[in-house]
Amino acid sequence: MACTIIVGGFFGDEGKGKIVAHIAERDKPAIISRGGVGPNAGHTVKMGDKTYGVRMVPSGFVYEKALLCIGTGVLVDPRVFLHEVDLLGVKGRVFVDERCGIIDPVHIERDRGSAHLSKTVGSTGTGCGPANADRALRVGRQAKDLPELAGYLMDVPAEINGSLDDGENVLIEGTQGFYISLYFGTYPYVTSKDTSASQMAADNGIGPTRIDDVIVVFKAYPTRVGAGPFSTEMTPEEAQEHGIEEFGTVTHRPRRIGTWDGEKARYSAMINGCTQAAITGIDRIDPGCFGCTEYDKLSKAAKDFVKKAEEDIGAPVTLISTGPDISHIIDLREDL
Ligand code: IMP
Ligand code: MG
């Protein structure tokens, strides 16, 4: 894997957290580092009878030997971060780049108090937009300005590039989804930064020549939270007929549900420089596939779906998630 980036191919919540957790356990990276906007992200990792919802600490925390980092480009809410560090017991192996932008309570107030952000755009209310605005205006604080983060500071890009020099594996964990990118998404119904693979590399100070693989995660039935166009959206009744109901990890808002959009998948794969794809929620295409761990045991309907997705994306589907647990996965990467 060497240096691998994982990003979302649709509107977010594609199940990146679970894919990251699986790859982390399988490929044993020395470093797992987060890119993306900030604590507006919510990653769910389900292991046995435990479910973790993380917003700041990388989802790869389940692999205990990895150093966990938050890249320079990411916004840190120190309250959320310190709470998660405590909850997950990861102190000593989790670090924040000293230049990360800080979310202060005033940013959350501005996010929630703005009708444009909270109503029109439908933001997560976590302060990310206003904090990124202050960062662009060069008035925001940085991680190194906060005594409570003193024990967690690191030059994350130096650590990552050093690890790559030593021939170790590094996993870069993207957040959000391609179509809520500030640049490429459905503006203005987007988040406050680009969300493509190049941004995840930049967030971590990794030059484009050092990236070996970009895994784009697509959901069999894409979802969207918040406002904005969604070409293949189903009515709530149709979603119910398919037995699909989802709620946001951060905001608990119901997610809008749609069907596969091959054109959008292809465009997103192109800009992300997709080398491999992951499909999540195949058990919704055929509930009989729930928990399956072998490709040959998938039904014809599921295999046909994967084949069509591969044609649309233009890259091999190497990971297929068949249920919520970290063990519910088919990993075909060695067959490449
Ligand atoms: P903000 O990033 O909180 O400003 O929200 C802007 C838009 O991006 C809203 O439509 C949010 O629902 C959406 N959004 C932000 N982060 C995520 C995410 O991690 N998953 C899904 N949607 C997100
Ligand atoms: Mg999420």
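**View 1. Polar contacts to ligand 1 in the predicted model.** A polar side-chain atom of Gln176 is placed 3.3 Å from a nitrogen atom of ligand 1, and two further side chains approach oxygen atoms of the ligand. For Thr124, the separation between a polar side-chain atom and an oxygen atom of ligand 1 is 2.6 Å, while for Arg253 the corresponding separation from an oxygen atom of ligand 1 is 3.0 Å. Ligand 1 would expose 470 Å² if taken alone, and the protein buries 96% of that area.

**View 2. Residues around ligand 1.** The surroundings of ligand 1 comprise 15 residues, of which Asp13, Asn40, Thr124, Thr191 and Arg253 come nearest. Thr124 and Arg253 thus appear in this group as well as among the side chains with polar atoms placed by the ligand, at 2.6 Å and 3.0 Å respectively.

**View 3. The buried face of helix H6.** Helix H6 spans residues 156-165, and its buried residues are Val156, Pro157, Ile160, Asn161, Ser163 and Leu164. Viewed down the axis of H6, these buried residues fall within an arc of 155°, so they line one face of the helix. The strands against which the buried residues of H6 pack are E1 (3-8), E2 (31-34), E5 (67-70), E7 (94-97), E9 (153-154) and E10 (170-173).

**View 4. The two ends of helix H6.** At the N-terminal end, Asp155 caps H6, with a side-chain oxygen lying 3.1 Å from the backbone nitrogen of Ala158. Just after the helix, Gly167 adopts a positive phi of about 80°.

Methods
Residues numbered from 1 in each chain as written. Chains lettered and ligands numbered in written order. Predicted model: local features only at pLDDT ≥ 70, side-chain atom pairs only at ≥ 80, totals over all residues. Heavy atoms only, no water. Buried < 20%, exposed > 50% of the residue type's maximum accessible area, 1.4 Å probe, protein only. Helix = DSSP H or I, 4+ residues; strand = E, 2+ residues; numbered from the N terminus. Arc of directions from axis to C-beta. Contact = heavy atoms within 4.5 Å. Polar contact = N/O pair within 3.5 Å; in protein donor to acceptor, adjacent residues only side chain to side chain. Near = heavy atom within 4 Å. Areas by Shrake-Rupley, 256 points an atom, 1.4 Å probe, with all protein chains shown as cover.
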